[in-house]
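Trainee: I should like to understand how the terms used for this model are justified. May we take them in turn?

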Amino acid sequence: MRIENYWADVHFFIFNFQFSIFNYNMGNAKAFLTINRKEAGYRPVLERISDFTEVEQTLNMEDRMLQASRCMECGVAFCHWSCPLSNLIPEWQDLLYKGKWFEAYRVLNATNNFPEFTGRVCPALCEKSCVLNMQHQPLTIRENEAAITEHAFLEGFIKAYPPKTRTGKKVAIVGSGPAGLAAADMLNRKGHLVTVYEKDEAIGGLLRLGIPDFKLVKGIIDRRLKLLEAEGIIFVTNTEVGKDLPINELLSSFDAVCLTIGAGVPRDLPIEGRNLKGIHFALDFLKQQNRIVAGQTIPASEQISAKGKKVLVIGGGDTGSDCVGTSIRQKAASVTQIEILPQPPVGDNPDTPWPYYPNILKTSSSHEEGVTRRWSLASKRFIGNKGKVTGVEVVRVEWTKDESGRFTMKETGVSEIINADLILLSMGFTQPVHEGLLDDLGVKYDARGNVEALKPNESSVAKVFVAGDVTTGASLVVRALDSGRKAAEAIGKYL
Ligand SMILES: Cc1cc2nc3c(=O)[nH]c(=O)nc-3n(C[C@H](O)[C@H](O)[C@H](O)COP(=O)(O)OP(=O)(O)OC[C@H]3O[C@@H](n4cnc5c(N)ncnc54)[C@H](O)[C@@H]3O)c2cc1C
């Protein structure tokens with residue numbers, strides 16, 4: 001019997017734990033008063049920067065259950081409200097606290113296909129809106145999620161459950177990131193025959209080739225893929241739809257198609273000197289390292305290496321932070337990360353009060369490993385010598401709010417040169433790649449260049465659906481999973 005199909009059970013749990021006042025048996029109602037938040041923490045810096053395996057540690061089972069006991073099971077669960085997947089967080093905290101690991105996984109997996117991914121890389125919107133976060137002591141929801149899932153794998157609770165019957169309908173998923181995988185899983189459960197096409201050599205999208213191993217070791221993806229394959233999903237790699245597989249062939253061979261190709265166009269910095277050698281997009285750099293960890297050899301002429309270099313990361317976000325950690329592991333001489341926006345406040349930000357996601361200073365494990373971070377710097381021109389980059393001229397900017405509360409930027413005229421011989425552009429992604437598949441299909445785009453969903457998850461082209469970054473714009477794994485699940489629902493109805 002398949003765990004994930006047990007919606008009836010899930011509703012039973014909710015009823016049993018949350019709504020039945022006669023049978024209300026929440027764990028330890030006052031635990032949050034006596035037990036502090038305890039994070040598993042990271043491996044010591046000097047140890048972790050000499051390898052590419054995961055930096056995060058785990059708590060023992062007893063401590064993990066105590067952490068779960070801190071959940072107040074709030075009547076209005078803001079964690080549940082802020083989770084794009086609407087994970088039933090108080091319910092599985094209670095089950096975890098009581099040591100009911102199997103049941104905890106069942107409830108968790110009812111809304112989240114791959115909690116082993118989000119348990120590792122989610123920025124945990126839920127924790128930011130946890131009521132205990134008003135005291136900066138939120139529940140360790142993300143870590144608890146990972147612990148439940150790892151325990152479920154260890155105990156053999158998670159097995160392949162192929163659908164008992166097939167509908168005879170065929171669905172193609174184009175792109176194998178989290179959105180595509182979630183859509184494929186949900187459609188396969190309904191008995192449709194699903195084929196996932198991926199242009200790269202391995203399945204997983206940005207989970208595989210974007211996010212570094214030190215945040216998500218790739219065996220975690222392979223473990224899940226084995227199950228999905230055993231359940232009947234067909235994976236086809238090294239196949240770019242629209243090039244290696246003509247669109248007409250795709251449309252005529254499948255009853256429905258779901259585009260989950262991500263938002264692949266990186267934001268460029270077209271200033272003087274952009275053509276100098278040594279300036280690369282962040283993702284090209286990160287992809288190479290992920291491939292090297294996977295055992296591939298990169299031809300010397302194509303290698304982007306930080307070894308012994310003064311690295312400058314332009315862009316202060318999460319991808320930039322991944323470049324910092326990767327550069328440090330590659331033994332860069334120094335790493336600097338700059339951002340055009342001002343430094344966010346530390347601790348609280350009145351502009352983004354609880355329960356909203358706070359715009360405050362984030363310090364990742366990579367930042368702890370040794371980087372100089374600077375803010376309010378706009379890049380004016382790259383400087384080079386004999387065709388190679390040697391630095392960038394930046395100017396300090398000031399940010400003020402206008403009457404409508406919008407931030408406006410003004411250059412101060414104070415400029416300087418930051419020396420660098422490897423520059424990584426990490427300023428986000430603007431839109432999906434239009435040329436080829438999307439243009440040839442003739443899908444409509446929204447104002448930002450993403451594929452427009454006219455009805456939820458339905459493109460303007462008959463029987464072509466969309467999910468993930470290709471339609472939302474570059475976002476998060478948890479949102480991609482949610483979008484993939486919703487697309488599967490729309491496709492299921494259509495079929
Ligand atoms: C470096 C980096 C780090 C990140 N870290 C985090 C993090 O820690 N936490 C978090 O929540 N989010 C993170 N994100 C964001 C997150 O990875 C994405 O939001 C998420 O992966 C989007 O999922 P997706 O399925 O829509 O697309 P993607 O994951 O981008 O997958 C799309 C796939 O489609 C394939 N494809 C494209 N065109 C074709 C075609 N024509 N035919 C066949 N295949 C095609 C691509 O090769 C790719 O594999 C990170 C992003 C980056 C770039």
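Trainee: What makes residues of the shell around the ligand nonpolar, polar or charged?

Mentor: The shell divides into 16 nonpolar, 11 polar and seven charged residues. Ala, Val, Leu, Ile, Met, Phe, Trp, Tyr, Cys and Pro count as nonpolar, Asp, Glu, Lys and Arg as charged, and the others, Gly among them, as polar. This is a predicted model, in which local features need pLDDT of at least 70 and side-chain atom pairs pLDDT 80 or more, while totals for chains, interfaces and linings use all residues. Residues are numbered from 1 along each chain as its sequence is written, and side-chain values use heavy atoms, without hydrogens and water.

Trainee: Why is the ligand said to lie between two domains?

Mentor: Domain 2 (170-264 + 430-494) and domain 3 (268-427) both give residues to the shell, so the ligand lies between them. The bounds come from an automatic or database domain assignment.

Trainee: What makes the pair formed by Val 121 and the ligand a polar contact?

Mentor: A polar contact is a pair of N or O atoms within 3.5 Å. A backbone N or O atom of Val 121 lies 2.8 Å from a ligand nitrogen atom, so the pair qualifies. For Leu 206, a backbone N or O atom is 3.0 Å from a ligand oxygen atom. For Asp 200, a side-chain N or O atom is 3.4 Å from a ligand oxygen atom.

Trainee: Why is helix α6 called largely enclosed?

Mentor: Eight of its nine residues (89-97) are buried, so the rest of the structure largely encloses α6. Buried means under 20% relative accessible area (1.4 Å probe, protein chains only); Trp 92 is one of the buried residues.

Technical notes:
A polar contact is a pair of N or O atoms within 3.5 Å; within protein, one must be able to donate a hydrogen and the other to accept it, and residues adjacent in sequence count only if both atoms are side-chain atoms. Buried means under 20% relative accessible area, exposed over 50%, partly exposed in between (1.4 Å probe, protein chains only). Helices (H or I, at least four residues) and strands (E, at least two) are DSSP runs, numbered from the N terminus.
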